[in-house]
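Me: I'm new to reading protein models. Could you walk me through a few features, one at a time?

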Amino acid sequence: MTDTRSGFATGSAGYPVTDGLHHAVLPSIHEVLGCLPDHAELFLPAIGEQLVAVTDDHVLHSLCRMLAGWGPAAKAAVPQLLGLLEDDRTWVAAANVLAGIGLAGNGARDLLLARSSSGEARAEVAAWAYWKVGGEPGPALEALGHVAAEGGIPRPSLRRLADLGPHAALYADQIRAMAADNDPWTRVEAAHALWATTGDFETSVPAMTSVVQELTNGAYLPVMLPAVRYLTQVGHPARPAAQLLRGVLTGDQRLRSNGGWLGFTQDEAIRAALEELLAACD
């Protein structure tokens with residue numbers, strides 16, 4: 001992290017599953033760090049220096065996605081994130097991290113509120129982050145309302161509406177319609193948002209189950225992991241999905257869409273998620 005070259009790639013290298021081939025590639029530094037939130041205290045000084053010095057937007061966004069995944073463990077980076085929040089080039093990436101950090105990022109409230117009411121593009125990101133660090137839901141509801149009024153709600157906005165929970169119930173009709181979308185990613189995010197905002201599991205559980213049912217045939221797509229995790233959040237009402245998927249864990253094949261090392265971590269992640277789903281429903 002402190003050398004001019006880390007020894008790792010700056011971006012992820014993914015390969016599709018191909019029979020008879022194995023691609024031996026290293027993960028990127030951000031993918032490695034993403035697995036180490038328990039060691040955040042050790043790495044955050046070096047990461048903080050990079051946040052201040054980096055000029056490559058791709059590297060910056062990769063670092064920020066990783067820190068957002070760390071959540072509250074990344075709270076020591078808040079001073080550097082405040083600086084990024086003041087920069088028109090970097091504020092969106094910083095706002096996403098602060099949203100992941102949550103209440104520990106409370107010192108950013110005023111800056112985020114100013115960004116959310118500025119009328120600039122991506123104002124809904126600032127408004128949502130303002131809510132996540134301990135602000136009021138009003139600015140996020142207003143900003144996301146502008147997005148919804150433009151037509152279909154993008155998937156990131158569906159996730160933000162889910163975060164708002166019952167506060168966002170006024171968008172239930174529009175979200176419910178999207179839970180029947182042909183695109184599986186849209187269907188999953190809309191179904192989760194519908195449950196989170198209204199508690200409607202009668203619509204949400206079948207919509208998400210339709211996306212994961214091919215797991216029973218050994219097929220795996222990346223959209224299935226969030227679908228299983230969302231079903232786990234629903235709990236006991238998701239029992240039909242759990243019963244359908246119970247036998248998947250006994251299979252001896254890897255559940256993956258990627259070759260190389262990602263194929264192993266995909267299999268581990270979906271199996272862990274399935275175990276959590278079964279435990280939540282049993």
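Reply: Sure, let's go through salt bridges, rings and helix packing in turn. Keep in mind that this is a predicted model.

Me: Let's start with charges. How many salt bridges does a search of the whole structure find?

Reply: The idea is to look for a side-chain nitrogen of Lys or Arg within 4 Å of a carboxyl oxygen of Asp or Glu. Searching the whole structure that way turns up 11 salt bridges. One pair to look at is Arg 159 with Glu 189, where the closest N and O atoms are 3.2 Å apart.

Me: Where do Arg 159 and Glu 189 lie?

Reply: Arg 159 belongs to helix 9 (residues 155-164) and Glu 189 to helix 11 (residues 184-198), so this pair ties together parts that are 30 residues apart in sequence.

Me: And is Glu 189 buried or exposed?

Reply: For that you read the relative accessible area: under 20% is buried, over 50% is exposed, and in between is partly exposed. Glu 189 has 2%, so it counts as buried. Its partner Arg 159 has 34%, so that one is partly exposed.

Me: Which residue forms a salt bridge with Arg 176?

Reply: Asp 173 does, with the closest N and O atoms 3.5 Å apart. Both residues sit in helix 10 (residues 172-178), 3 residues apart, which is about one turn of the helix. Try the accessibility reading again here: Arg 176 is partly exposed at 31%, while Asp 173 is exposed at 63%.

Me: Can you show me one more pair that bridges separate parts?

Reply: Take Asp 282 and Arg 246, whose closest N and O atoms are 3.1 Å apart. Asp 282 is in the segment after helix 15 (261-281) and Arg 246 is in the loop between helix 14 (239-245) and helix 15, so the pair ties together parts 36 residues apart in sequence. Asp 282 is exposed, with a relative accessible area of 60%, and Arg 246 is partly exposed at 37%.

Me: Which residues do salt bridges with shared partners join into one network?

Reply: Asp 173, Arg 176 and Asp 200 are joined that way. You've already met two of those names in helix 10.

Me: Now rings. How many aromatic pairs does the structure hold?

Reply: In general, a pair of aromatic rings is described by the distance of the centres and the angle of the planes. In this structure the count is 0. A ring can still have a charge over it, though: Arg 160 lies over the face of Trp 128, at 5.1 Å from the ring centre.

Me: What do I look at when two helices pack?

Reply: Two packed helices are described by the angle between their axes and the distance between the axes. Try helix 5 (residues 91-101) and helix 7 (residues 123-132): their axes come within 8 Å and cross at roughly 25°. That makes helix 5 and helix 7 roughly parallel to each other. The crossing of helix 5 past helix 7 is left-handed.

Me: What about helix 8 and helix 9: parallel or antiparallel?

Reply: The axes of helix 8 (residues 138-149) and helix 9 come within 11 Å and cross at roughly 150°. Helix 8 and helix 9 are therefore roughly antiparallel to each other. Here, too, helix 8 passes helix 9 in a left-handed crossing.

Me: Last one: how do I place a single residue, such as Ala 238?

Reply: Find its element, then its accessibility. Ala 238 is in the loop between helix 13 (224-234) and helix 14, and with 0% relative accessibility it counts as buried. You can also compare sequence with space: Ala 238 and Gly 138 are 100 residues apart in sequence and 31 Å apart in space, C-alpha to C-alpha.

How values were computed. Residues numbered from 1 in each chain as written. Predicted model: local features only at pLDDT ≥ 70, side-chain atom pairs only at ≥ 80, totals over all residues. Heavy atoms only, no water. Phe/Tyr/Trp six-rings, centres within 6.5 Å; stacked < 30°, edge-to-face > 60°. Lys NZ or Arg CZ within 6 Å of the ring centre and 35° of its normal. Helix = DSSP H or I, 4+ residues; strand = E, 2+ residues; numbered from the N terminus. Buried < 20%, exposed > 50% of the residue type's maximum accessible area, 1.4 Å probe, protein only. Axes fitted to C-alpha atoms, helices over the stretch in contact; angles between N-to-C directions. Parallel < 35°, antiparallel > 145°, perpendicular 65-115°, else oblique. Left-handed = near helix turned anticlockwise from the far one by under 90°.
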